[in-house]
Amino acid sequence: PDYYKRVYTEYLAARRQVGNPDDVSFENFIAKLKVNEGKLKAQYQCRAVRFRVMARDGKVTLKPVPIFA
């Protein structure tokens with residue numbers, strides 16, 4: 001639960017930083033994140049997937065980081 005709160009907080013902060021501070025509800029954000037996490041776990045055949053918040057060229061994205069250990 002702390003991981004999801006941290007990613008959500010970092011995502012909102014990055015959106016504000018690039019000048020696009022629309023509010024995404026925590027529930028919707030986490031639901032979408034968990035769906036993507038499941039798809040990526042199957043794709044990478046890994047134990048878990050974590051996300052890193054990236055801000056580049058005025059856009060905020062979540063970069064998947066597969067965890068194999």
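# Exercises on a predicted α-α-β-β chain

Of the 69 residues in this chain, 28% count as buried. The model is predicted.

**Exercise 1. Describe the overall layout of the chain, from its secondary structure to its surface and charges.**

Solution.

1. Start with the elements: the chain has two helices and two strands.
2. Put them in sequence order, and the pattern reads α-α-β-β.
3. Helix H1 covers residues 2-17 and helix H2 covers residues 26-44. Strand S1 runs over 48-56, and strand S2 over 59-67.
4. For the extent, take the C-alpha atoms along the principal axes: they fill a box of roughly 35 × 25 × 20 Å.
5. Next come the contacts between residues at least 6 apart in sequence: 31% of these join residues at least 24 apart.
6. The accessible surface amounts to about 5,000 Å², and carbon and sulfur atoms account for 51% of it.
7. Finally, the chain carries 14 positive and 7 negative charges, and the mean positions of the two sets lie 7 Å apart.

**Exercise 2. How many aromatic pairs does the chain have, and what is the geometry of the pair formed by Tyr11 and Phe29?**

Solution.

1. Rings pair if their centres lie within 6.5 Å. By this rule the count comes to four aromatic pairs.
2. Tyr11 and Phe29 form one of them, with 5.0 Å from centre to centre and 35 degrees between the planes.
3. Planes under 30 degrees apart would count as stacked and those over 60 as edge-to-face, so an angle of 35 degrees makes this pair tilted.
4. The pair links distant parts of the chain, as Tyr11 belongs to helix H1 and Phe29 to helix H2, 18 residues apart.
5. The cut-off for a buried residue is under 20% relative accessible area. Tyr11, at 12%, is buried, and Phe29, at 8%, is buried as well.
6. Tyr11 and Phe29 also belong to one aromatic cluster, together with Tyr8 and Phe26.

**Exercise 3. List the contacts of Tyr11 outside its sequence neighbourhood, and give its C-alpha separation from Gly38.**

Solution.

1. Tyr11 lies in helix H1.
2. Set aside the neighbours within four places in sequence; Tyr11 is then in contact with Val24, Phe29, Val53, Val60 and Leu62.
3. Place the partners on the chain: Phe29 is in helix H2, Val53 falls within the range of strand S1, 48-56, and Val60 and Leu62 fall within that of strand S2, 59-67.
4. Gly38 is 27 residues from Tyr11 along the chain, and their C-alpha atoms are separated by 20 Å.

**Exercise 4. Is Arg15 buried or exposed, and which residues does it contact?**

Solution.

1. Arg15 is located in helix H1.
2. Its relative accessible area is 13%, so Arg15 counts as buried.
3. Beyond four places in sequence, Arg15 is in contact with Asn20, Pro21, Asp22 and Val60.
4. Gly58 is 43 residues from Arg15 along the chain, yet the two C-alpha atoms are 8.7 Å apart.
5. Now take the contact with Pro21 from the other side. Pro21 sits in the loop between H1 and H2, and its contacts beyond four places in sequence are Arg15 and Arg16.
6. Between Pro21 and Met54, 33 residues apart along the chain, the C-alpha separation is 15 Å.

**Exercise 5. Where is Arg50 placed relative to the ring of Tyr3?**

Solution.

1. For a charge to sit over a ring, CZ of Arg must be within 6 Å of the ring centre and within 35 degrees of the ring normal.
2. Arg50 lies over the face of Tyr3, at 4.2 Å from the ring centre.

**Exercise 6. Describe the backbone phi and the surroundings of Gln45 and Asp57.**

Solution.

1. Begin with the background: most residues other than glycine have a negative phi.
2. Gln45 is not a glycine, yet its phi is positive, at about 50 degrees.
3. Gln45 is in the loop between H2 and strand S1, and its relative accessible area of 70% makes it exposed.
4. Asp57 likewise has a positive phi, near 55 degrees, in a residue other than glycine.
5. Asp57 is in the loop between S1 and strand S2, where it counts as exposed at 75% relative accessibility.

Note on methods. Residues are numbered from 1 along each chain as its sequence is written. This is a predicted model: local features need pLDDT of at least 70, side-chain atom pairs count only at pLDDT 80 or more; totals for chains, interfaces and linings use all residues. Side-chain values use heavy atoms; hydrogens and water are left out. Rings of Phe, Tyr and Trp (its six-membered ring) pair if their centres lie within 6.5 Å; planes under 30 degrees apart count as stacked, over 60 as edge-to-face and the rest as tilted. Helices (H or I, at least four residues) and strands (E, at least two) are DSSP runs, numbered from the N terminus. Buried means under 20% relative accessible area, exposed over 50%, partly exposed in between (1.4 Å probe, protein chains only). Contact means heavy atoms within 4.5 Å. Accessible areas come from the Shrake-Rupley method with a 1.4 Å probe; for residues, only the protein chains shown count as cover. Lys and Arg count as positive and Asp and Glu as negative; His and the chain ends are not counted. The place of a charge is taken as NZ of Lys, CZ of Arg, CG of Asp or CD of Glu.
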